[in-house]
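Me: Please take a close look at one buried residue in this predicted model, and then set it against the wider packing and the confidence of the prediction.

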Amino acid sequence: MHRILWWCSYALIVVCDAPQLTFITSSCRAVVGLEQVSSISAPLNLDKEFVAACLAISKQVGNQSPVSPTSFGKFSLSSSDEGMATDDVVSKATRLTGKYPNAYSDFYGSGTPCVFKSGPDWHVRKGPQAQGIVREARPVYRHAIGQTWLSIGKRIHHDLDSIGVKWTSINPFAYADAGEAKPFCSLILSIGVKPYSLLYDAAVAAATVVKDILADASFPAIEVAFVESVVTRSVAAGPKLLSFDPLLDNVPDLRKPFTTALGLSIAPLKYPHFEGTASLYFRLGKDDKRTAILTCAHAREEFVALGNMGYNNAVKAMMSTIGDLLRSIDAWNDVLGRLGEPVEGENGRVTERRKEHVELVAKATKKIEEVNAIHDEVTKRRTIPDQRVIGFVLHSEKIEVSVEPHNFTKDWALIELYDEKIDWPTFKGNKVYVGGNLSIADFGNTMFPQPVDQANYRYPRDGLLQAYGVVQDDEIRNPQHLDVHGEKCLLVVKNGLTTGTTVGRANGLESFTRIYDDYGIEHTSIEIAVLPYDKTRGKFSDAGDSGSIVLARDGRIVGILTGGAGPTDETDVTYLTPYWWVEQQIKAKYPGCFLYEVVEDKFSPYAKETLAKLITFVEEEILPAAKIAKAQLPNDPAKRWKTVIPVVEDVSDIQIHLLSQLTYNSGAIPGTSEPLANANEPFSLIVFSVTDTWILGLDHCMLKVKARKLGLWNLFLSKTHYPEHGVPLTNLEYAVMAEILGRAGHMGPEAVNCSAPDTGNMVASSDATNIRTSIRQEGNDIVINGHKWYISGAGDPRTKLHLVMGKSDPNNQSAYQQQSVVIVPADAPGVKVIRPMKVFGYDDAPEGHCEIIYDNVRVPLSNLVLGWGKGFEIIQGRLGPGRIHHCMRSIGAAQVALDTMLQRVTDPSRKTFGKFLHEHGTVIADLAKSRAEIESARLLIDKYKAKGALKEIGIAKFVVPSMALQVVDRAIQSFGAEGVSQDTELAELWAGLRTLRLADGPDAVHIQQVGQRELKRAPELAKKAAQVKKREAELLRKYDIKAHL
């Protein structure tokens, strides 16, 4: 009795009865002796019997901590591995192999026996000890049957019905040997039938019927297999759900089941053993604060987070983890005992090993404390289902199959969440946790296996993949992802109650499914099939995963998991209802609803820290140095274009070291009249000559040195692409920093090595296909001839290389593959810098924008960048992010202009007609308009994502500079004549922004491209308008009303 009461006090496992408890607690003695339990539990301040139970559960699951609390294959009554183990193709003689010898070899590894397969035998290994060849089902895309498959499939299932075949699924799959790149069978109809329902001879006859249909449709080469397989439909007053932050949570995998992260296990309160998975969070309307979660249809009642199995498995996972850690601590303490206490002069390796094991024990002890804290929380406050109620069924759709016109299954419900049950400040919204079963490397290698994809891949922050957007029907049929073999496919991921995080491939041809209930009633539907990624990754889903949302690798929503097919106790194929169709059904009932807004902490801790440092650096270092920089630039043209501005420039680490050792008693800062103060104080005002360029001490100059030391360097450069030199910032994070740098004019980006052309700008007039510079190969050389204007940075004495784009293949049929990019040394023979070009009178020295002639310039063939004809690919890769950086710097300039105007119009010495300037109505309106326009521009950039944002980039490029120009113009107006003089920075700001409306593609080009994209929407709008008009006409006739127009 004592043991049972103790067990209940920990609210351990609801499903355990007394005999089970006796077994588990008694098994503790088989794991460790009571003395050992005492020695382990005492230092950790844990109950001895709780420790014994943890060790017992750990032993039951194979002495391995569960990778994910939602992955409990160890507790399953069956597993695919067991199915594979029983597929003995040599010795197994059954009712099937007597007639069809390949019954267990055709689909070896799936546990799915084959009654009959038409066509030639598939290859097998021979010999008495031969092992079966594991087969993998593969998705089918872009097959000629795709256009007519649905009508063909309907004919097939109707004819099978007419001859009495109890079919359960019709799956158009390809098959490959496990691990092979190419399928050996490009398409076969794998038709599932109820086990024991179809004899061999009847299967042969049925295959003939199906083959006749295929031949009649002009596909006589497609073969047919009948396999035994069933389709199953997964069924699915206390405290708030816990918060979930994988970045800060020490044991996120164990915490996740009790949080709002997508993949939340749910069950009806009255029937907590009917479990499923919640899909997506919805807002019910813009003015409706209620939040609902989408799942499969259920009765009208309250719902709980975690049904029986979900809760029990989550608690088991915690106890198993503690048990594993206790075993490890025991083993490490044994090592420490053998190493002994520290002794003076002992072997260094002994010291190192002792330190290593002490740290291991400390880390494991801390983790036990953290897991135990969560265990205490969930077992004391969430034991009974009533304590886990989170909401009630707002709407449960009547389940219907074969809903016209697409014949999908209608099976959905919305559960309205109780507001007080959600910790809204930490709510993550529609994010799927892709950690747990998959490491960071596993997710990247499986979902982005090709180098071309990895170049732009970034692991979802904290393992939370944001669900947004929808994968439409045409992309399901014709996907563009590349799998590990380089084949196009649609790679998908989900996190469900039973199997946790899994990956797979969606099929491009629909499957037909059939379920028979206890009364023999047939339910037929069309589904999207998802196949396991490969045999090493295991099944994609299992019972209890119903309702899970399935996402493409980029987070777009593919579908809602509804069931699976396979042997009676297995899931070999998973079925989805496509989300694009489900969304239509939901919006028909709740027209104003929408997916819960993206909840995202858009700045990582690193980005927040970097932004704070950057703001301080700009305000305290760059802005005060602006006038010094101007003073250090000579007016003499002979010197102006040979000067490196000392206050900005970088020096080497050796020079920094030398600087730190120097002191000066007198002197003045070159280029200024400011005396060198603080004599004899190291590293104060220091002057040091490097190659005839004066470099100033770190207290007042050398901004680049300071930027490097602060880590404010190459901020635009992605660490994903350039691990050695890049920084871990997203495009959005850097965009905000670009605005801050834009407030310091050109010197801001330059000081942190983020100025153009580094961040990307390369363009030739409004139509870069007009480029005329010639690039041709002569032997092992490349010869360049051309005449160019406005070449950025060409006047700078530090410029050592030119990136030259020219026409290398003028006869290529594609206007965008005629150009190439070549690296040209600045001092190569034939490179002639003719003159610096001015922009509204400004020469932007010392970098400048120059006129250059390339006269028979020769460079080695190895100087070709990326390859022949890759010019446009290179410049577009640079221009996209570069344009956004320009726009954000423009917003920074606009903010400077607004700040300057604000100071001007509130200056008491600048009153007109006896009033402050801001007291005049037009001025106050200018302030308001400027603020509104700046904020609108920020929001426009806030939408930006680097890849696939061509339209958004184009809009930003013509909207933002024009906005900034307008703000600067208002500021100039507030200053009067002074505003256009050299005494304020407004005139120079205006000149730069006006030029930006031409640089990197003029406004007219971007406007035209955006307009053309808008025109593509016209046919769909016309179609919708016609539908509305048709419906309107029907209603007018119904109510006998005559239209006046």
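Reply: In this predicted model, S511 has a relative accessible area of 0%, and because buried means under 20%, S511 counts as buried. S511 belongs to strand β21, which covers residues 511–516. Its side chain is joined to that of N171 by a polar contact of 2.6 Å. Setting aside residues up to four places away in sequence, S511 touches I170, N171, P172 and F173, together with S525, I526, E527, A529 and Y575.

Turning to the wider packing, the largest nonpolar core of the model holds 119 residues, and L160 and F226 are those with the most contacts inside it. This core lies between domain 1 (91–228) and domain 2 (429–578), because both domains give residues to it. With neighbours within four places in sequence left aside, the contacts of F226 include P113, C114, V115, F116, L160, V165, I191 and V193, as well as L198, A203, A206 and A207. Another core, of 62 residues, lies apart from it and has L614, A751, V905 and L965 among its members.

As for confidence, the mean pLDDT of the protein is 78, with 80% of its residues reaching 70 or more. Helix α7 (residues 200–216) has the highest confidence, at a mean of 96, whereas helix α1 (residues 2–9) has the lowest, at 25. Over residues 1–34 pLDDT stays under 50, and the model has 48 contacts beyond four places in sequence for them; over residues 651–701 it likewise stays under 50, with 87 such contacts. Where pLDDT is low, the predicted coordinates should not be read in detail.

Definitions and conventions: Residues numbered from 1 in each chain as written. Heavy atoms only, no water. Core = buried A, V, L, I, M, F, W, Y, C linked by side-chain atoms within 4.5 Å. Buried < 20%, exposed > 50% of the residue type's maximum accessible area, 1.4 Å probe, protein only. Domains from an automatic or database assignment. Contact = heavy atoms within 4.5 Å. pLDDT = per-residue confidence, 0-100. Helix = DSSP H or I, 4+ residues; strand = E, 2+ residues; numbered from the N terminus. Polar contact = N/O pair within 3.5 Å; in protein donor to acceptor, adjacent residues only side chain to side chain.
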